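Please examine the structure shown below together with its sequence. The paragraphs that follow lead from charged side chains to strands, a sheet and the surface.

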Amino acid sequence: MSQVPPGDAPLVHDLIGIGFGPSNVAMAIALSEHNARVGRQEAVTAHFFERQPRFGWHRGMLIDDATMQVSFLKDLVTLRNPTSEYSFLCYLQSKGRLIDFVNHKNLFPLRVEFHDYFEWAASKVDDMVSYGHEIVSVEPVERDGIVEYLDVTARSGSELVVHRARNLVLGTGLRPRMPEGVQRSDRVWHNSDLLAKVEGLEGTKPQRFVVVGAGQSAAENVAYLHRRFPEAEICAVFSRYGYSPADDSAFANRIFDPEAVDEYFTAPDDIKRKLMDYHGNTNYSVVDIDLIDDLYRQAYQEKVLGTERLRFLNISRLTGVEDGPDKVRAFVTSLVTGEETALDADVVVYATGYSPAEPLGLLGPVADRCHRDDQGRVRVERDYRLATDPELRCGIYLQGGTEHTHGITSSLLSNTAIRVGEILASVLDREPATSGLGATASAASWTVSAATGALALCVLPLSALSERFGRRTMMTASLSLAVGLALLVPLAPNLQTLIALRALQGAALAGLPASAMAFLAEEVRPKALVAAIGLFVAGNSIGGMSGRLVTGWVAQMWGWRAGVAAVGLTSLLCALAFRALLPKARHFTPGTLNPKALAGTVRTHLADPLLMRLYVIGALFMTVFGAVYTVIGYRLVEAPFSLPQGVIGSIFLVYLVGTVSSAAAGRLVGRLGRRGALYLAVSTTAAGLLVSLADTLAAVLAGLVLITAGFFAGHAVASSSVSRTAKTGRAQASALYQSAYYLGSSAGGTLGAVAFHAGGWAGTVLIGLVAVLGVVSVTLYGSHSARAEARRTRLAPSC
């Protein structure tokens with residue numbers, strides 16, 4: 001999906017990842033697998049930056065006998081794609097250890113082995129990462145007040161590089177947490193430094209280590225130091241009676257299930273707090289029961305033998321350290337008596353955990369556009385995307401730092417594979433249908449406007465051809481050519497070609513509406529004409545709905561080109577059925593191609609005040625409809641809705657409401673008259689526009705229902721009135737209406753997209769309300785003119 005901007009602008013990536021730990025390695029793998037499934041045009045371009053010179057994950061804690069606390073099946077890929085070639089099992093196969101691991105009958109690999117697996121997986125996607133690059137800044141790229149890209153500047157040595165992104169994925173990992181006022185030094189460590197620092201003690205004989213903490217890392221540090229330095233005393237300091245075992249029972253582990261994220265995300269804040277209280281013992285300040293038993297057994301054995309080197313200073317707290325040149329003095333205070341004990345040690349190790357990096361710390365001025373809750377925490381959507389101002393169109397996704405919104409798994413390996421799949425799905429779903437061509441919402445709208453604009457321009461000349469060669473011939477030829485072009489559209493190499501093909505498709509299709517209404521006016525009894533045209537409009541609504549449904553769901557699975565191709569093939573089948581089912585013309589009389597006569601007929605229609613009003617009404621109704629349905633997809637992929645393309649496509653089932661309302665137009669005219677039916681249609685449309693302003697999915701759907709019902713009813717009334725009013729040159733009268741109608745569609749699509757670009761959905765609604773006001777004004781003027789004419793002629797109004 002990438003594009004090369006003109007001049008010296010940076011290469012645009014669909015996604016840039018900051019950090020390349022396990023989470024973003026999994027992200028890179030998910031992207032690689034996606035790109036292998038789709039064509040080059042649908043591939044997601046991405047690049048990652050990592051500060052370290054090579055891949056590394058908690059290297060300081062790769063103790064030789066430490067095991068993972070999660071199953072090997074919760075690797076980088078398996079829960080998302082069990083057949084992936086990047087799985088832990090494939091790693092074992094490549095290393096020649098698969099059978100040995102199976103015979104081991106253990107779900108939990110050694111931590112050093114799992115780290116080697118991570119390195120192996122990272123090496124397979126190392127073409128997507130730049131190691132040794134530290135992010136310097138993230139700057140918004142604005143155009144007309146809209147941020148469509150983010151410029152990411154990275155430094156490697158003295159060199160600066162700038163890459164441009166549509167989306168960011170922040171996977172900057174965790175930061176070692178030290179007590180306030182305590183600084184790390186040669187003798188005061190965090191457990192993340194353990195193995196690297198221990199190497200510096202080679203050749204010395206340390207006498208005492210003090211290890212602070214009650215979690216898994218603390219216990220592992222105690223066990224390792226006790227084993228590594230057989231003459232040293234190891235003092236474990238914690239505020240409990242002893243280490244607490246981790247709850248890894250089957251039911252408790254459900255807190256790590258992917259479905260638990262959904263439940264936690266939607267839960268009220270008080271329930272979120274209770275869930276964390278209930279299940280904190282699955283992860284925080286707890287230790288594997290086997291390690292607890294080993295440590296207790298060792299301590300008891302030493303007590304029996306009188307060689308106590310393993311001391312547990314429980315119900316106590318380390319209240320201070322004094323770092324000296326040869327020793328460090330640790331002050332341990334009893335929580336029961338308040339008595340303070342000073343211990344001289346060679347090293348104090350703080351196993352006090354980690355804190356997530358400040359998620360907005362790297363974003364600079366972009367951070368001001370990101371939203372926070374009333375506690376100052378970043379607001380995060382279900383798809384792990386930061387909630388931002390609507391003007392920031394780029395997605396910023398978090399891998400970690402989302403515990404307050406997504407629960408305990410936010411920074412753990414358990415859900416990594418699922419999480420990156422959800423982020424990738426969100427990136428794909430938020431891209432517009434023509435994202436593979438680098439199109440913005442306003443640019444993509446031209447694929448609609450070009451088709452409807454060309455259709456509007458060609459309706460009139462093709463209506464003249466239908467007078468000469470017949471309605472059936474013209475409709476069949478028009479459909480055939482349009483379907484042929486539809487099959488070429490998926491092959492468009494760039495946006496310009498796509499727009500050109502769509503314009504040709506619109507011009508080819510113009511022969512159908514130019515002939516269809518005239519065909520109905522000639523072949524259907526006058527009393528049934530409104531109902532017949534209502535059914536014709538209803539059929540249009542079903543076609544429009546079907547096209548959007550097919551495109552939406554197919555595009556979600558295989559990209560927009562596959563979606564458009566599916567519509568082309570469906571259109572081919574429909575064209576064949578149309579040719580087989582279309583009845584023969586019984587009342588058509590061929591005419592001659594007489595440009596002067598055609599021009600005269602057009603002038604006559606344009607001089608008819610009632611016809612002109614109907615043309616304007618049709619154009620204005622279609623302006624509303626074109627604006628709404630061109631933009632609605634862009635609104636629904638953004639917060640607070642964040643819907644996938646397939647679901648957005650399903651929303652066009654609302655077209656069925658238009659099927660009903662257009663078919664019912666004849667009954668409305670019978671009860672309310674034509675003007676009454678128009679007033680009802682326009683009122684319904686306006687109400688729908690206003691209702692849709694609310695930021696709830698129910699309100700948007702209700703608004704679409706009202707807009708669609710009002711539009712199709714108004715269109716059916718106006719178009720049937722044209723056929724009823726024109727006594728001669730009905731094909732040209734209908735063609736002029738269709739021209740106005742599709743010009744309204746073209747204008748609505750463009751204006752709606754521009755307004756959305758500038759002012760969000762409210763801007764699009766404003767365009768619709770102005771058009772609705774125009775319909776009301778034209779209809780009121782028509783009523784006034786009709787009454788004035790009636791007074792002059794003492795005749796009742798005819799329309």
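A network of salt bridges links R54, R59 and E119. The coordinates belong to a predicted model, and a search of the whole structure finds 25 salt bridges. Side chains of opposite charge can pair when their charged atoms come close. Several individual pairs are taken up again below, in the context of the elements that carry them.

Consider next a group of strands that includes β1, β6 and β7. Strand β1, residues 12-13, runs parallel to strand β7, residues 159-165, and two bridges join them. Within this pairing, H13 has A165 of β7 as its bridge partner. On β7 there is also an antiparallel pairing, with strand β6 (residues 146-156), and it extends over seven bridges. One position in β6 and β7 can be located directly: T153 stands opposite V162 in β7. The two strands β6 and β7 make a hairpin with two residues between them, and in the turn G157 adopts a positive phi of about 65°.

Further along the chain lies an open sheet of five strands, whose order is β10-β17-β11-β12-β13 and whose pairing is parallel. Which strands stand at its edges? They are β10 (188-190) and β13 (310-313); each has a single partner strand, so one side of each is left without a neighbour in the sheet. On average, neighbouring strands of this sheet are turned by 20° against each other, direction ignored. Inside the sheet, β11 (residues 208-212) and β12 (residues 233-237) run parallel and are joined by five bridges. V212 stands opposite V237 in β12. Helix α6, residues 216-228, packs on the sheet and touches β11, β12, β13 and β17 (347-350). The direction of α6 makes about 170° with that of β11.

A salt bridge also involves two strands of this sheet. R311 pairs with E233, and their closest N and O atoms are 3.3 Å apart. Because R311 lies in strand β13 and E233 in strand β12, the pair ties together parts that are 78 residues apart in sequence. Are these two residues buried or exposed? R311 is partly exposed, at a relative accessible area of 27%, whereas E233, at 16% relative accessibility, counts as buried.

Two further salt bridges involve loops. K327 forms one with D346, the closest N and O atoms being 3.1 Å apart. This pair links distant parts of the chain, 19 residues apart: K327 belongs to the loop between β14 (316-323) and β15 (328-334), and D346 to the loop between β16 (340-345) and β17. K327 counts as partly exposed at 35% relative accessibility, while D346 is buried, with a relative accessible area of 10%. In the other salt bridge, R382 and E422 have their closest N and O atoms 3.2 Å apart. R382 lies in the loop between β18 (354-356) and β19 (395-398) and E422 in helix α11 (residues 416-430), so this pair ties together parts that are 40 residues apart in sequence. E422 counts as partly exposed, at 26% relative accessibility.

Finally, the surface carries a nonpolar patch formed by L487, L569, L572, L573 and L576, with about 470 Å² of accessible area together. Which helix gives the most to this patch? Helix α18 (residues 560-581) does, with four residues. L573 is found in helix α18; its relative accessibility is 60%, so L573 counts as exposed.

Terms used:
Residues numbered from 1 in each chain as written. Predicted model: local features only at pLDDT ≥ 70, side-chain atom pairs only at ≥ 80, totals over all residues. Heavy atoms only, no water. Pairing = 2+ DSSP bridges. Axes fitted to C-alpha atoms, helices over the stretch in contact; angles between N-to-C directions. Contact = heavy atoms within 4.5 Å. Patch = residues over 30% accessible without salt bridge, like charges linked within 9 Å, V, L, I, M, F, W, Y side chains within 5 Å. Areas by Shrake-Rupley, 256 points an atom, 1.4 Å probe, with all protein chains shown as cover. Salt bridge = Lys/Arg side-chain N within 4 Å of Asp/Glu carboxyl O. Buried < 20%, exposed > 50% of the residue type's maximum accessible area, 1.4 Å probe, protein only.
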